[in-house]
Amino acid sequence: MIMNFVYKVDWSDHAIWWEKRSCWLLKTHWTLDKYGVQADADLRYTPQHKPLCIQLPNMKTIRLPVSFSCVVFKAVAEICKALNIRRSEELSLLKLPDDQKKKKKKDKGPESVFDEILNMDMAGGIYCSLGLYSKTMTPTYDPDSGSPASSTSLWFGENPVTACQPNLPQEELAKLFKPLTMEDKAAINAGWLDSSRSLMEQGIQENDRLLLRFKYHCFFDLNPKYDAVRITQLYEQARWAILLEEIDCTEEEMLMFASLQYHICKLTLSTEPLTNSNEPEIDEVEAALSNLESTLEGRNADKILEDITDIPKLEDTLKLFRPKRLTLKPYKEYWFVFRDTTISYYKNKESANKEPIEQLHLRGCEVIPDVNVTEKKFGLKLLMPAADGMNEVYIRCDNETQYAKWKAACILASKGKTMAYSSYRTEVKNIQSFLQMKSLAPPPGQAAPDVESMEMKAECFVSPRYARKYKTKQLTTRILEALHNISQLSLMEAKMRFIQAWQSLPEFGIKYYIVRFRGSKKDELLGISYNRLIRIDMSTGLLVTTWRFSNIKQWNVNWEIKQVTIEFDQSVSIAFSCQSCDCKVVHEYIGGYIFLSTRSKDQNETLDEELFHKLTGGQD
């Protein structure tokens with residue numbers, strides 16, 4: 001007796017891939033002739049969703065079915081939806097250079113912690129095959145019953161998305177650590193995938209490994225109530241950037257970051273359930289003021305705020321220094337008056353009714369901290385755009401309170417805002433809390449840390465360079481001293497403080513590319529940040545000039561000669577060709593940041609994808 005078995009195969013996810021042209025034939029209403037397909041064409045009927053190995057910011061790798069046919073912008077949105085990460089437009093996929101891949105394979109031992117790959121199911125939200133019950137995720141589909149799932153998800157093993165990963169032993173960390181030159185950073189930054197093309201069109205194959213990272217460093221509407229996964233992954237990306245010295249920080253800041261890491265590790269390993277029930281609610285008055293400010297952003301905000309209240313001003317005695325060649329003159333005291341977005345300084349207080357010695361217009365300037373809390377040094381470095389480059393001015397404050405007020409005012413003024421904005425008070429508080437965290441002295445009335453009673457592998461919380469500089473006992477003592485100032489923070493508060501401290505570093509969010517400016521015969525560095533472009537001398541590393549995104553009138557790309565041209569206000573124009581990457585990468589970065597600046601809280605989290613591709617898509 002012969003029995004015929006008929007197996008049902010779901011072909012709905014399949015589509016035709018044209019290998020020679022490297023494109024999908026997705027327009028099913030088109031004929032093959034319209035596509036230009038000839039009889040000898042090699043066409044593959046293949047699934048659109050294929051497994052992809054994705055390394056998360058916390059260095060955990062997951063294998064997830066991802067669409068290889070839709071553009072990367074949509075593919076990242078699918079990945080973030082599965083991982084419960086809001087604001088997917090801030091993330092993208094990064095492909096490491098081939099030499100970096102070879103180095104990692106060479107350095108990894110046979111039992112490296114990064115070798116483990118966790119399999120997950122896109123359709124079921126987060127569903128792993130390894131033993132822990134977690135209520136942290138909200139899948140939309142139950143893979144067992146085929147019905148909508150409840151608000152919980154089954155986990156087997158450690159949740160790689162919401163849990164902070166334990167710090168690596170110093171030996172493992174040393175294998176990963178490699179001092180990066182500007183050229184190395186430029187080579188890595190060239191690996192961002194094109195958001196307007198699909199994975200297959202960019203040569204990505206099934207089971208390839210890509211890095212999911214926060215590409216755009218402007219984190220909109222971070223809310224601990226809804227963003228547990230997003231905040232955790234942001235913290236992890238910041239933590240690894242600090243440990244591997246991908247971003248520079250001082251010794252004092254490194255110890256502050258180490259104390260926060262240690263505190264977060266203790267809370268993560270605590271037996272108490274990690275919920276947000278103890279997180280402080282957002283103050284309603286502050287929220288209302290913030291919403292009012294957001295409403296006013298699109299209008300003539302300065303004028304409206306002036307009608308509501310008088311714009312505050314700062315007056316105090318500060319020290320000023322203007323660096324000049326072959327000069328060793330010290331700081332000199334002046335009477336400073338900060339009004340609107342301008343600093344005026346006078347010989348003394350009595351001269352304040354006369355003409356100032358000089359006025360510093362801060363709109364569009366760079367505000368760089370020059371601080372050492374231990375040595376009671378509270379300084380600001382102001383870099384103001386000028387026709388021939390950047391004018392440098394150093395200002396020295398006497399104490400933390402004075403520094404916090406003046407720095408907050410300078411930061412707002414650089415964005416064209418005054419101290420009448422509600423964000424001024426928040427900025428002052430953030431700066432003060434940041435300074436308090438950097439202080440290694442325990443608060444009055446608290447005893448010195450008992451090193452012998454604490455079990456801490458201190459070298460795991462600092463970069464290998466600092467681990468070699470100090471003995472373990474010295475590091476432990478200094479980390480515990482800094483811990484006194486943050487010991488009362490909850491887990492989510494500690495992560496947020498870590499992210500805020502990361503954001504306050506001078507190099508935060510700057511991505512470097514090697515370019516050649518029009519009319520120049522040498523390569524230079526172009527730094528792209530969330531609000532500006534920075535021209536940097538490659539040989540000295542010194543900043544040459546900056547241009548604000550807010551001053552851009554238009555920009556275009558000549559795709560034939562691969563040159564980017566940007567026009568700014570006041571008839572300023574620059575043009576450059578990219579040496580370390582395709583000019584599409586830089587073009588997308590600039591357009592992406594301008595797109596993200598259009599977001600507002602009243603958009604109900606819906607993105608204008610068409611506008612994104614219009615700003616970043618290039619010749620298509």
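Five strands make up an open sheet with mixed pairing, ordered β6-β10-β4-β5-β7. Its edge strands, β6 and β7 (117-119), each pair on one side only. From one strand to the next, the twist averages 45 degrees. Strands pair if DSSP finds at least two bridges between them. Strands (E, at least two residues) and helices (H or I, at least four) are DSSP runs, numbered from the N terminus.

The model is predicted: local features need pLDDT of at least 70, side-chain atom pairs count only at pLDDT 80 or more, and totals for chains, interfaces and linings use all residues. Residues are numbered from 1 along each chain as its sequence is written, and side-chain values use heavy atoms, without hydrogens and water.

β5 and β7 run parallel, joined by three bridges. Arginine 63 has asparagine 119 in β7 as its bridge partner.

Helix α2 packs on this sheet, touching β4, β5, β6 and β10. Its direction makes about 110 degrees with that of β6. Axes are lines fitted to C-alpha atoms, for helices over the stretch in contact; angles run from 0 to 180 degrees between N-to-C directions.

The buried residues of α2 (under 20% relative accessible area, 1.4 Å probe, protein chains only) are Val72, Phe73, Ala75, Val76, Ile79, Cys80, Ala82 and Leu83. They pack (heavy atoms within 4.5 Å) against these elements:

| Element | Residues |
|---|---|
| β4 | 49-55 |
| β5 | 61-67 |
| β6 | 91-94 |
| β10 | 209-214 |
| α6 | 228-243 |
| α16 | 609-616 |

The end C-alpha atoms of α2 (residues 72-83) are 16 Å apart, which agrees with the 16 Å that twelve residues should span at 1.5 Å a residue. That expected span is 1.5 Å times one less than the number of residues. Just after α2, asparagine 84 takes a positive phi of about 65 degrees.

Notes
Buried means under 20% relative accessible area, exposed over 50%, partly exposed in between (1.4 Å probe, protein chains only).
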